[in-house]
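Here is a brief report on one protein chain. It moves from the whole chain to a few aromatic and nonpolar side chains.

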Amino acid sequence: MTALGLAVAIPAVLGYNALVRGHKALVHRINRFAHELHAYFVTGARVAATAPAPASAKVQPLRAEGRA
């Protein structure tokens with residue numbers, strides 16, 4: 001009976017851990033998008049799409065001034 005319980009429990013734990021890992025990655029992507037969207041609304045410019053930048057990261061304008 002113990003072997004049967006372990007045969008069920010081990011794959012269940014592995015599956016649960018895989019789902020949790022995927023959920024964390026998705027939450028990270030959503031938080032990054034929300035941060036970029038908030039920065040765009042506040043500054044009116046897009047944040048440079050690079051690796052995690054320091055706090056003094058420069059902001060790139062969405063379009064050149066004077067152009068439509």
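## Surface and fold

What does the accessible surface of the protein chain come to, and what share belongs to carbon and sulfur atoms? The total is about 6,400 Å², and carbon and sulfur atoms hold 66% of that. Areas come from the Shrake-Rupley method with a 1.4 Å probe; for residues, only the protein chains shown count as cover.

This is a predicted model: local features need pLDDT of at least 70, side-chain atom pairs count only at pLDDT 80 or more, and totals for chains, interfaces and linings use all residues. Residues are numbered from 1 along each chain as its sequence is written, and side-chain values use heavy atoms, without hydrogens and water.

The chain has one helix and two strands, in the order α-β-β. These are DSSP runs, numbered from the N terminus: helices are H or I with at least four residues, strands E with at least two. Of the 68 residues, 3% are buried (under 20% relative accessible area; exposed is over 50%, partly exposed in between; 1.4 Å probe, protein chains only).

## The aromatic pair

There is one aromatic pair. Tyr40 and Phe41 form it, 6.1 Å centre to centre, with 50° between the planes. That geometry is tilted (centres of Phe, Tyr or six-membered Trp rings within 6.5 Å; under 30 degrees is stacked, over 60 edge-to-face, the rest tilted).

Tyr40 sits in helix α1, residues 2–43. Its relative accessible area is 31%, so Tyr40 is partly exposed. Phe41 is at 62%, so Phe41 is exposed.

## The nonpolar patch

Tyr40 and Phe41 also join Phe33 and Leu37 in a nonpolar surface patch. Together the four have about 430 Å² of accessible area. Patch residues have over 30% relative accessible area and no salt bridge; nonpolar side chains (Val, Leu, Ile, Met, Phe, Trp, Tyr) are joined within 5 Å, like charges within 9 Å. A salt bridge is a Lys or Arg side-chain nitrogen within 4 Å of an Asp or Glu carboxyl oxygen.
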